[in-house]
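Colleague: Hi, could you show me the model you have open? I'd like to chat about its helices and empty spaces.

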Amino acid sequence: MLTETKVIDNFINPTYHNEILKSLDSPNTDWYLQKNLSLVDQESNPKSFGFNRNYLTEDGWRPGAAVDFLKPLIFSIMEAVNSVQPIRVRADMTMQSDDNHKHQVHIDLPIPNITTIFYVNQSDGNTIFFNERSNETGKLYEISDLTVKEEIEPKPNRLVIFDGYQLHTGCSPKEYSNRILINSNYLVWK
């Protein structure tokens, strides 16, 4: 179990990072609407919508060049978290909000895992980590009932690594048009 959030700036080669940025922040990239980026099965505040792209799900890797292009990043993250098994990889894009909207507090998966966030573009909209932990997905939490542990600012080519049971949430950007990140989860090896 990770006890502290780890932040690694300039995680990958700048040229490769720039290619990922151009790929995901392009009018030719397919994004899929999700009514609630944090809790897939729940609708909440209308501002909680966003867009995603799944690369690896419980059904395995999606076929295609986009997945093959992203695999070197995932392999690098696997080394950084000391795991040999990714269990979920997806890209998320939240859109600008006039009030820096905070999304629903959540965990990604209800199993022991290491969770990572790789920020792709320059944006605002911090990721907020709470002192509280959980092993339940889909549970609704009130931010006012939780205590903030820390906030991480999104910076291009920054990787954040944390324990999968750490309650967290992201904020929509207020100053930038969108916030793009790659969220991935890895099996924990004892």
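Modeller: Here is a short chat about one cavity and the helix pair beside the questions on it.

Modeller: This is a predicted model, where local features need pLDDT of at least 70, side-chain atom pairs count only at pLDDT 80 or more, and totals for chains, interfaces and linings use all residues. Residues are numbered from 1 along each chain as its sequence is written, and side-chain values use heavy atoms, with hydrogens and water left out.

Colleague: How many cavities of 30 Å³ or more does the structure hold?

Modeller: Two. A cavity here is a set of points on a 1 Å grid over the protein atoms alone where a 1.4 Å probe fits but cannot get out.

Colleague: What volume does the second largest cavity have?

Modeller: About 40 Å³, counted as the space filled by probe spheres set on the points.

Colleague: And which residues line the second largest cavity?

Modeller: I20, S23, L24, Y55, A66, F69 and L70, where lining means an atom within 4 Å of a point. α1 (14-24) and α2 (65-81) each give two or more residues to that lining; helices are DSSP runs of H or I with at least four residues.

Colleague: Switching topic, at what angle do α1 and α2 pack?

Modeller: About 135°, with their axes 11 Å apart. The two are therefore oblique to each other, a label for angles that are not under 35, over 145 or 65 to 115 degrees.

Colleague: Which residues meet there?

Modeller: Y16, E19, I20 and S23 in α1 meet F69, L70, K71, P72 and L73 in α2, with contact meaning heavy atoms within 4.5 Å.

Notes: 1 Å grid on protein atoms, 1.4 Å probe; cavity = no way out; pocket = protein on both sides within 12 Å on 5 of 7 lines; lining within 4 Å. Axes fitted to C-alpha atoms, helices over the stretch in contact; angles between N-to-C directions.
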